[in-house]
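Here is a colleague's note, written for someone new to reading protein structures. Please keep the structure open beside the text and look up each residue as it is named.

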Amino acid sequence: MLENLKESCGVFGAQDFDYRSVFPYVYWGLRGQNHRGHQSHGFLTFDGNFHIHKDLSLVPRIKRGAIQEWIMKLPGHVGLGHVRYTTSGGTDGESLVKSTAPILEHEGKTTIALSFNGNIVNVPEIIRKIREKSPNFQFDFDAQLISRKILSGLAERRDLALSVKSCMKEMEGAFSVAGITQEGELFAFKDQCGIRPLCCGLSEDRKILTVCSETVGLDVNGFEFDFELNPGELVVASEDGFAREQLVDCGRRALCAFEFAYFSRPDSMLGNKFVYEVREEFGRNLAREYPDTVRNSDIIISMPETGNDAAFGLHELTGKRWERASRRHRYVTERAFILLPKERYTTIDRKINIIDHKISGKNVAVVDDSIVRGDTTRVVVKKLRKMGAKKVYLLITFPRIMGPCFYGVDMATYGELIGSRYETEEIAEIVGADAVKYQSIDGLVKATGLSRNELCLGCITGKYPTPMAQRLADEMKERFENGYEEKGRIYEVAIH
Ligand code: SF4
């Protein structure tokens, strides 16, 4: 999928029990996870004092000299990192840097640092509660709500677990958090449903503990995967290692299914399977579910990178030729938002090169991960037609997206989603394809190795794993169907 759909963040945390510097691990951990947020990055370390540095840009763009400088300026045996793409809040440079974690917050004499991935749903309610105690509280971004709740809990009881527990109980939404207390303890926890991933790993000698959004953050550092945090679980590092504590049990897990199709790196492990293996199975499912379409195709092509593994699975099962004729321009990272509106439809040409004589005169099955708004899909189909494709069939691994996401993916309204406005046949007509074939929800679930009750499938089934998100989705849908204009995330309106 080439629509640049954004998720808000990737997090990383590390503690060295032998008190050596962790900055290099944090740097590489973020670099390995930069796909989760490439607008800004932040580093924080602790050596008795907190040291912090945040900036715009991709992590690999940080100049070598600057890294040497930051190694000196960010000493400490405990560290946090964060990469972000904003899905809410101000978008000027200053706001972007400010809202990038790690954030460092104080209340009285208590300080904590936090990195956060996700989205809080009941923001107005939480702000109201915070302002009962701190009337001047100024809300800018979700991570503040978590840090405020923990800080006030710590100020009252000096008990991290109880403070985190009240956070888990009172806040609805997705939050995978890594933090550092002022005593220098690394901690990490997940919301009650575990919507966003967060895993824990150790160095070979077990002297360095790390937490990160995806297992690739461990791999890049040469660390070993230990476990994926359970929903409602808190992990706290101590001198001797770490302790796990199940604080809240909501009775179900709801890992975002879109992580498998699009967000996570293919070489990350989610739910005991490598993401690329799951995507290969997606491709095999498409072959099983749509044999006629595959039979009528001369070649398969894939939309890099997320369509590649599914295309391989489809090819492997059917023997149909997977023509590697669509390639990403490796060093083109411009995104649609920095182009002029009239240039927008040329983004695809800048990103993906398709070899036209491989397409000409052929029936082409295009494997892609999803169709969200449909704009770029239309451009791809148009391009293939121009190259002489006889038929264009779109085989899509993520089922039809019919509802918004409340948990950190920038699909905010029904109106913006082509799948909520049109039936599949109409979508094919709108994007100019001969057919659109989505993988079934059952096929997707089975391929992940998890059960329906362990996944969030909200945007494809209309059944959200948390009650307020469900209520908001129902209200928004009713408004949309009754022709009211949607103004974005209604749950974020009038909260400042
Ligand atoms: S609503 Fe969709 S994108 Fe959002 S967390 Fe659930 S599955 Fe993922």
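**Lys-437 and other places to look at**

1. Lys-437 counts as partly exposed because its relative accessibility is 25%, and partly exposed covers the range between the buried limit of under 20% and the exposed limit of over 50%. Please bear in mind from the start that this is a predicted model, and that the values in this note are computed from it. Lys-437 lies in strand E22, which runs through residues 435–438.

2. Which residues does Lys-437 touch, if those up to four places away in sequence are not counted? They are Leu-286, Tyr-290, Thr-293, Leu-394, Leu-395 and Ile-396. A separate comparison concerns Val-367, which is 70 residues from Lys-437 in sequence, while the two C-alpha atoms are 9.7 Å apart in space.

3. One of the residues touched by Lys-437, namely Leu-286, is also listed among the buried residues of helix H9. Helix H9 covers residues 275–289, and its 15 residues reach 21 Å from the first C-alpha to the last, close to the 21 Å expected at 1.5 Å a residue. The buried residues of H9 include Val-275, Val-278, Phe-282 and Ala-287, but also Arg-279, Glu-280 and Arg-284, so a student should not assume from the residue name whether a side chain is covered.4. Helix H5, made of residues 142–157, can be read in a similar way: its 16 residues reach 23 Å from the first C-alpha to the last, close to the 22 Å expected at 1.5 Å a residue. H5 is mostly covered, with 13 of its 16 residues buried. When you look along a helix, it helps to remember that an α-helix has 3.6 residues a turn, so residues three or four places apart point the same way.

5. Just after H5 comes Arg-158, which is found in the loop between H5 and helix H6 (160–170). Arg-158 has a positive phi of about 55° although it is not a glycine. Arg-206 also takes a positive phi, near 60°, in a residue other than glycine, and its place is the loop between strand E9 (199–202) and strand E10 (208–212). Is Arg-206 buried or exposed? Arg-206 is exposed, because its relative accessible area is 51% and the limit for exposed is over 50%.

6. Another backbone detail to check by eye is the peptide bond from Pro-304 to Glu-305, which is cis, with omega near -5°. Glu-305 sits in the loop that lies between strand E17 (299–302) and helix H11 (308–318).

7. Helix H14, residues 375–386, holds Arg-378, and Lys-383 lies in H14 too. Arg-378 counts as partly exposed, since its relative accessibility is 32%, whereas Lys-383 is buried, with a relative accessible area of 15%. Leaving aside residues up to four places away in sequence, Lys-383 touches Asp-349, Ile-352 and Ile-354. For two distances that start from this helix, the C-alpha atoms of Arg-378 and Arg-400 are separated by 16 Å, with their positions 22 residues apart along the chain, and Lys-383 and Met-411, 28 residues apart in sequence, are 26 Å apart in space, C-alpha to C-alpha.

8. His-53 belongs to strand E3 (residues 50–56), and it counts as buried because its relative accessibility is 13%, which is under 20%. What does His-53 touch, not counting residues up to four places away in sequence? The residues are His-41, Gly-42, Phe-43, Trp-70 and Leu-74.

9. These places belong to a protein chain that has 19 helices and 23 strands. For its 496 residues, a compact globule would have a radius of gyration near 23 Å, and the protein chain, at 23 Å, agrees with that. Along its principal axes, the C-alpha trace spans about 70 × 50 × 45 Å. Of the 496 residues, 58% count as buried, and among the contacts with a separation of 6 or more, 70% come from residues 24 or more positions apart.

10. Finally, consider the surface and the charges of the protein chain as a whole. The accessible surface comes to about 20,400 Å², and carbon and sulfur atoms account for 48% of it. The protein chain has 67 positive and 69 negative charges, and the mean positions of these two groups are 5 Å apart.

Key: Residues are numbered from 1 along each chain as its sequence is written. This is a predicted model: local features need pLDDT of at least 70, side-chain atom pairs count only at pLDDT 80 or more; totals for chains, interfaces and linings use all residues. Side-chain values use heavy atoms; hydrogens and water are left out. Helices (H or I, at least four residues) and strands (E, at least two) are DSSP runs, numbered from the N terminus. The radius of gyration is taken over C-alpha atoms; the globule rule is 2.2 Å times the number of residues to the power 0.38. Buried means under 20% relative accessible area, exposed over 50%, partly exposed in between (1.4 Å probe, protein chains only). Contact means heavy atoms within 4.5 Å. Accessible areas come from the Shrake-Rupley method with a 1.4 Å probe; for residues, only the protein chains shown count as cover. Lys and Arg count as positive and Asp and Glu as negative; His and the chain ends are not counted. The place of a charge is taken as NZ of Lys, CZ of Arg, CG of Asp or CD of Glu. The expected span of a helix is 1.5 Å times one less than its number of residues.
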